[in-house]
Amino acid sequence: MDGTLESGCIGDAVLRKEDKQFLLGNGQFVDDIRISGELHAVFVRSPHAHADILSIDTANAHALPSVVDILTGREMERDGIGSIPFMWVMNNADGSPMNQPKRWGLARNRVRHVGEPVAVVIAETASAAEDAAEAVLVDYRPRAAVTNSRSALDPSAPLLHDDAPGNEVYTWGRGDAAATDAAIDGASHVIELELINNRIACAAIETRTCLAVPGTRFGTTTLYDATQAPHLIRKSVTEALGMNQADLRVIAPDVGGGFGTKGKHYPEETVVTWAARRLGRPVRWISSRSESFMSDAQARDHLTTATLGVDNDGRFVGLRVETLANVGAYISTFGASIPGAIYSALIAGVYRTPAVYAQVTTVLTNTVPTDAYRGAGRPEACYVLERLADEAARKLGLDRAEIRRRNLIPVDAMPYTTPIGPVYDSGDFPNIMEKLLTAANWDSFAARRAESKARGKLRGIGLAMYVETSGVAPSKLAGMLGARIGFFESAEIRVDSTGNVRLLAGTHNHGQGHQTTYAQIIADRLGLPYDGVTVVEGDTEAVPMGTGTFGSRSIAVGGSAIAVAADKIVQKGRQLAAYLMEAAEEDVTFTNGVYAISGTDRSMTISEIANAANLGHVMPPGMEPGLNESAFYDPSNFAYSNGGHVVEIEVDRDTGEIELQRYCVVDDVGTVINPMIVHAQVHGGLAQGIGQAMTENVSYDPESGQILAGSFLDYGIPRAGDLINFEGELDESQPCAHNPLGAKGCGESGSIGSPAALVNAVLDALDPLGVRDIEMPLTPLRVWETIRKAETA
Ligand code: MCN
C-alpha cells in the first residue's frame, strides 16, 4: 500500500472509525443496556475515616416500599465470600512478602476510609434504593484517623490493620545503596530536595457502573462492566466469589473514559455479581459523582527525599531517592506495584548517573486506596529527576538545558542497562532534546522574559525530559516482581470469504482509537481494505484471553499480537496460493494484498485466497480450511517511549495566576501507526498532567479524615480555558527494537513530563524573587502566597 491518507495503512492520519457512532449518539454504554426485571443497588458508605461498626439495623429500611434485600458484610461472610483480591504482591528488601491486609466487599466490623461500602440496598427502582440506603442505621464507634504517610509511620499513629504493623505494607530497595552513598559522599556538590507529589482523582465522563445478570445462556452470569480490563475483572470476581472463571462472562461495552482508574477491580463489582446471583435477578449499580471521589482509586501521593551528587562539570555521580507512598486504607489491584516496581524502574530516567538507589516504603492511611492513574509511577519518577536537574543547574550556575546535555544517555549507549536494572532498548534522548529546544526557541527566552517584565509579569520557561515503560508487559518480569497475572496480549484474525476481517483483541478501547489503528495494522500487513476491518474487544466470551488496556500497552503488546497473527495469515495464504497456482511456495511473493509467482504474470489476491480457504474445496493435503489465525504475544521488554516538554508561562504577581504561553513536546513513540491519534493522545495526557500541576488536589482533613475535595466544586479539573494549543512533534528515528511494529506506547506520555515542566517553569519565573520551591497544585492562592512570602522575606 502507498501510505496515502485514504489507504488506512500504518502512518496514515485517518479519522477515527469509532467516532461516528458516538457523534450520532449511538454509543452503547452499560447504562444503555436494559434487562427486564433488573434491580438497582445503592451502597451505604462509611461517613467515618476510621471506626468500628457496632451494629447495622436494616429493619426500617427493609420495610420501605420496593426494597428487595439489604446485604451486609455478615451475609457475605455467611456465604463464604472471599476478600477482594489484589494482583501484585511486592516483596520487602529482605525478600519477605509484603503485609497483605484484607479488604472485604462490604466492611466487616470496621471501616477504614470515608466511603467504604458497609451495606448494599437492592430495590426495584434506584430512587427506592436510595431512600432505603438513607434509612439503614449503622452504629459506629469512631477511631482516630491518619491520612498522611509520614504521620502514619509514627509509632503513636492509629493502627489500621492488625496484620500490618506500623501501617507499613513493604519497604523495598532497588539499586546499589552502598555505591550510591559513596558516590554522593564523594561528590563536589550535593543537591537535596523534599518533594511532594500531590494526590489526584480521576474524572472520567462516565462514572463506574456495572450490571450483573445471573443465569444467562449456558448458565453463566454476565457482568456488563465499565472496565478497561474485562479478563482481569473475570479473574478477580470469580476469585472472590469462589466461582469457575467459565461461569462468568464479563462484557465491557463502550466505556466513557478510564484513565487507569477503571483498570482495577473494585468491591462493587464483586458485591453486585454476588447479589444478583443470590437473588436470581439482574442487579445494576451506577456510581454518583460524589461516590467516585470516595471510592474510585486515587493516585500519586508521594513524599520523597531525593539526593543528587554532582561533580564540578555538572555530571551526575549518584542519586538516592527515598519515597513514602501512601496507598490508602487497603491495597488496590495494582496499588502495591505502582510506587514499587513501576515507579522505581524509572528512577534513573534519561540520565547516565552511574550509581542510583531507590527505596520505597508504602504506607496504609485512612484514605481512599491509590492505584494507577494515567502515567502511574512514571510522572512521579520524572518529577523527582527533573526537579533535581533544575536545582543542580542553579547550584552550579549552568543553563538548565546544558546540565541535561552533559548527562543524557547517548544514542550509541543503546541498549543501555540502568544501574537499577531496566534495559532501554532504543532512544536518542540528546537528539530529542535538541529538537525540542529548537522548536521552543529556548535560547532566545531572555528577550521574551524581558518583554514580559516590561508588562509587569514574571515569565518562566520549564524543561522536562522523560522516559517511560510503555507497553507494560513481559509476563516473566512481572511475575518475578510479584504480579499475579500475565501481561501478554491475544489477537485473533478471521478473514471471511469476502476478504473482510473480524479482529478479536484482548485489549479494550475506551477512547484510544483502537478500531482505527488496529484496522490500519491489518490493512498494512494484509493489504485488505481498512474499511473492511471490524475490531471486537471487551468480551471475555468472544476474546479468548487478554490483559486489558492500561500502561500504554495496547499498541506495543496488543498491536504486536495483531501483527504476528497477520503474519501467520500471510504465511498460510502463501501456502494455499502456491498450491492453487501450482508453484513452489518460495516463488510466491506477497505485496499489497497480492500473491504473485515471481517471473510470471500469475497472481491471486488475498481476498481470492480467503474465499478459497473458506470454501475448502481445494486445499493442500493436511491444511485446515478457513483463514483464521491467532497469536499470544508477550514481549521481551517494555517499550521505552521518551521525549521532552518545554513550557513557557507568565505569572501575574498580583493575583498569582499562571497563564500558559507556549507548550512544545517532542515524543519518540517509535513507529507511529496514526499520527493524528498519537497527537490527540499526547494532548489528553498533557491536559491531565497540567491539571495535576495546576489545579487538582484531593485533600483530607488530617484530624477527621474527611475528604475536602469531594465534588467538582472543590476539585479542580482543568477546563478548556486553562489550556492552550500544544505544539507536538514525533520522532520516529528510534523504533522499538524488539516488537514487530517498532511501536512504543503514547497514551500516557503527555502526563509524564508535564507536571515537572510546569513546576520548573514557575520556579524559573519566581527565581528573581529567590523562590526555590513550590508544591503542586500551583493554584493562584499558593503562587500568590509564595510571592508575598518571598517579597516580605
Ligand atoms: N498509537 C499509534 N502509534 C504509536 C503508539 C500508539 O498510533 N506508536 C495509537 C494506538 O494504536 C492507540 C493509541 O495510540 O490507538 C494509544 O495507544 P497506546 O499508547 O498503546 O495506549 P493504550 O491504547 O494502551 O491506552 C492506554 C492509555 C492509558 S494507560 C491511559 S490512562 C489512557 C490513555 O491511554 N486513558 C485514556 N488514553 C486515553 N484516552 C482516552 N480518550 N480515554 C482514556 O481513558
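**Exercise 1. State how many helices and strands the protein chain has, and judge its overall compactness.**

Step 1. The protein chain of this predicted model contains 21 helices and 28 strands; helices (H or I, at least four residues) and strands (E, at least two) are DSSP runs, numbered from the N terminus.

Step 2. The radius of gyration, taken over C-alpha atoms, is 27 Å. The globule rule, 2.2 Å times the number of residues to the power 0.38, gives 28 Å for 793 residues. The two values are close, so the chain is as compact as a globular protein of that length.

Step 3. Along the principal axes, the C-alpha atoms fill a box of roughly 90 × 75 × 50 Å.

Step 4. Buried residues make up 61% of the 793; buried means under 20% relative accessible area, exposed over 50%, partly exposed in between (1.4 Å probe, protein chains only).

Step 5. Contact means heavy atoms within 4.5 Å. Among contacts between residues at least 6 apart in sequence, 80% join residues at least 24 apart.

Conventions: residues are numbered from 1 along each chain as its sequence is written, and side-chain values use heavy atoms, with hydrogens and water left out. Since the model is predicted, local features need pLDDT of at least 70 and side-chain atom pairs count only at pLDDT 80 or more, while totals for chains, interfaces and linings use all residues.

**Exercise 2. Describe the open sheet of seven strands and the helices that lie across it.**

Step 1. The strand order is E3-E5-E1-E12-E9-E10-E11, and the pairing is mixed. Two strands pair if DSSP finds at least two bridges between them. Strands of a sheet pair through backbone hydrogen bonds, either parallel or antiparallel.

Step 2. At the edges stand E3 (67-72) and E11 (248-251); each has a single partner strand, so one side of each is left without a neighbour in the sheet. From one strand to the next, the twist averages 20 degrees.

Step 3. Within the sheet, E9 (residues 209-213) and E10 (residues 221-225) are antiparallel and share four bridges. Ala-212 has Leu-223 in E10 as its bridge partner.

Step 4. Helix H4 (residues 126-135) lies across E1 (39-45), E3 and E5 (117-123), at about 25 degrees to E1. Helix H8 (residues 267-279) lies across E1, E3, E5, E9, E10, E11 and E12 (283-286), at about 130 degrees to E3. For these angles, axes are lines fitted to C-alpha atoms, for helices over the stretch in contact, and angles run from 0 to 180 degrees between N-to-C directions.

**Exercise 3. Describe the open sheet of three strands.**

Step 1. The order is E4-E2-E6, with antiparallel pairing. E4 (110-111) and E6 (137-142) are the edge strands; each has a single partner strand, so one side of each lacks a neighbour in the sheet.

Step 2. E2 (residues 51-57) pairs with E6 over six bridges. In this pair, Asp-57 stands opposite Leu-137.

**Exercise 4. Identify the largest nonpolar core and a second, separate one.**

Step 1. A nonpolar core is a set of buried Ala, Val, Leu, Ile, Met, Phe, Trp, Tyr and Cys residues joined through side-chain atoms within 4.5 Å. The largest has 177 residues, and Tyr-424, Phe-487, Ile-493, Leu-526 and Ile-649 have the most contacts inside it. Helix H17 gives the most to this core, with 13 residues.

Step 2. The second, separate core has 25 residues, including Leu-71, Leu-248, Val-250 and Val-271.

Step 3. Leu-526 touches, beyond four places in sequence, residues including Ile-493, Ala-566, Ile-569, Phe-590 and Ile-606.

**Exercise 5. Is Thr-540 buried or exposed, and what does its side chain reach?**

Step 1. Thr-540 sits in the loop between E21 (533-536) and H17 (554-580). Its relative accessibility is 6%, so Thr-540 counts as buried.

Step 2. The side chain of Thr-540 reaches the backbone nitrogen of Val-250 at 2.9 Å. Residues up to four places away aside, Thr-540 touches Pro-230, His-231, Arg-234, Leu-248, Arg-249 and Val-250.

**Exercise 6. Locate Ser-292 and list its contacts.**

Step 1. Ser-292 lies in helix H9 (residues 289-295) and is buried, with a relative accessible area of 5%.

Step 2. Neighbours within four places in sequence aside, Ser-292 is in contact with Thr-207 and Ser-287. The side chains of Ser-292 and Ser-287 form a polar contact of 3.4 Å; such a contact is a pair of N or O atoms within 3.5 Å, where within protein one must be able to donate a hydrogen and the other to accept it, and residues adjacent in sequence count only if both atoms are side-chain atoms.
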